[in-house]
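Reader: I would like to go through this structure with you, piece by piece. May I put some short questions as we proceed?

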Amino acid sequence: MHRYFVAALAALVCLAGCSTGGFRSAKGFVPDEATAVAIAEAVLVPIYGKGQIEDEKPFQAKLVEGVWHVEGSLPEGWHGGVAAIKIAQADARVLHVIHGQ
C-alpha cells in the first residue's frame with residue numbers, strides 16, 4: 001500500500017510543479033513502462049480494490065502518441081474483463097479509467 005501512496009504522491013507533486021511553471025522533463029513525468037504501471041496501480045486500487053488489481057497482474061503498458069495505455073491481464077483460460085487506464089506521458093494526468101466485464 002505504501003508503494004501506491006508514494007506513486008500517487010509523486011504524481012501530485014509533479015502536477016503541482018507543472019502548474020507553476022516548474023521543472024519539465026524531456027521524457028515527461030511518466031518516462032517509462034514501470035512508472036506508468038506504478039501510477040496505474042495507485043489509481044486503480046482505491047477504485048477496484050487491492051485484491052481485484054492483484055489478480056490482474058502483470059499489467060502491461062504501451063506508449064501511443066504520448067499516452068500510456070496500461071491494462072491488466074488474466075491467466076490463460078480465464079474469461080472476463082480487466083482494468084484499463086490511460087495516462088498522459090507529459091504530466092501524468094489520468095485521461096481514462098475503465099474495467100471490462
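Reader: To begin, in which helix does Ile47 lie?

Author: Ile47 lies in helix α2. Please keep in mind that this is a predicted model.

Reader: Is Ile47 buried, exposed or partly exposed?

Author: Ile47 is partly exposed, at a relative accessible area of 48%.

Reader: Which residues form a nonpolar patch with Ile47 on the surface?

Author: Val94 and Val97 join Ile47 in that patch, and together the three have about 220 Å² of accessible area.

Reader: Turning to the interior, how many residues has the largest nonpolar core?

Author: It has 16 residues. Val30, Leu44, Phe59, Trp68, Val70 and Ile87 are those with the most contacts inside this core. At least two residues of the core come from each of α2, β2 (67-71) and β3 (83-88).

Reader: Which element gives the most to this core?

Author: Helix α2 does, with six residues. As a general background, nonpolar side chains tend to be buried together in soluble globular proteins.

Reader: You listed Trp68. What is Trp68 in contact with, leaving aside its neighbours within four places in sequence?

Author: With those neighbours left aside, the contacts of Trp68 include Val30, Pro31, Asp32, Glu33 and Ala36. Ala61, Lys62 and Leu63 are also among them, as are Ile85, Lys86, Ile87 and Gln89.

Reader: And which residue stands opposite Trp68 in β3?

Author: Ile87 stands opposite Trp68 there. Strands β2 and β3 run antiparallel and are joined by five bridges. Towards β1, Trp68 is the bridge partner of Leu63.

Reader: How many bridges join β1 to β2?

Author: Five bridges join β1 to β2, and these strands run antiparallel. The two form a hairpin with two residues between them.

Reader: Which residue in the turn has a positive phi?

Author: Glu65 has a positive phi, of about 50 degrees.

Reader: A change of topic: how many salt bridges does a search of the whole structure find?

Author: The search finds three salt bridges.

Reader: Which of the residues are linked in a network?

Author: Glu41, Glu54 and Lys57 are linked in a network of salt bridges. Lys57 pairs with Glu54, the closest N and O atoms being 3.1 Å apart. Lys57 also forms a salt bridge with Glu41, where the closest N and O atoms are 3.8 Å apart.

Reader: What does the pair of Glu41 and Lys57 tie together?

Author: Glu41 lies in helix α2 (residues 33-48), whereas Lys57 is in the loop between α3 (50-55) and β1 (60-64), so their salt bridge ties together parts that are 16 residues apart in sequence.

Reader: Is Glu41 buried or exposed?

Author: Glu41 counts as buried, at 6% relative accessibility. Its partner Lys57 is partly exposed, with a relative accessible area of 30%. Glu54 is partly exposed as well, at 33%.

Reader: Which residue meets Arg93 in a salt bridge?

Author: Asp91 does; the side chains of Arg93 and Asp91 meet at 2.8 Å, N to O. Arg93 counts as partly exposed, at 44% relative accessibility. Asp91, by contrast, is buried, with a relative accessible area of 16%.

Note on methods:
Residues numbered from 1 in each chain as written. Predicted model: local features only at pLDDT ≥ 70, side-chain atom pairs only at ≥ 80, totals over all residues. Heavy atoms only, no water. Salt bridge = Lys/Arg side-chain N within 4 Å of Asp/Glu carboxyl O. Helix = DSSP H or I, 4+ residues; strand = E, 2+ residues; numbered from the N terminus. Buried < 20%, exposed > 50% of the residue type's maximum accessible area, 1.4 Å probe, protein only. Patch = residues over 30% accessible without salt bridge, like charges linked within 9 Å, V, L, I, M, F, W, Y side chains within 5 Å. Areas by Shrake-Rupley, 256 points an atom, 1.4 Å probe, with all protein chains shown as cover. Core = buried A, V, L, I, M, F, W, Y, C linked by side-chain atoms within 4.5 Å. Contact = heavy atoms within 4.5 Å. Pairing = 2+ DSSP bridges.
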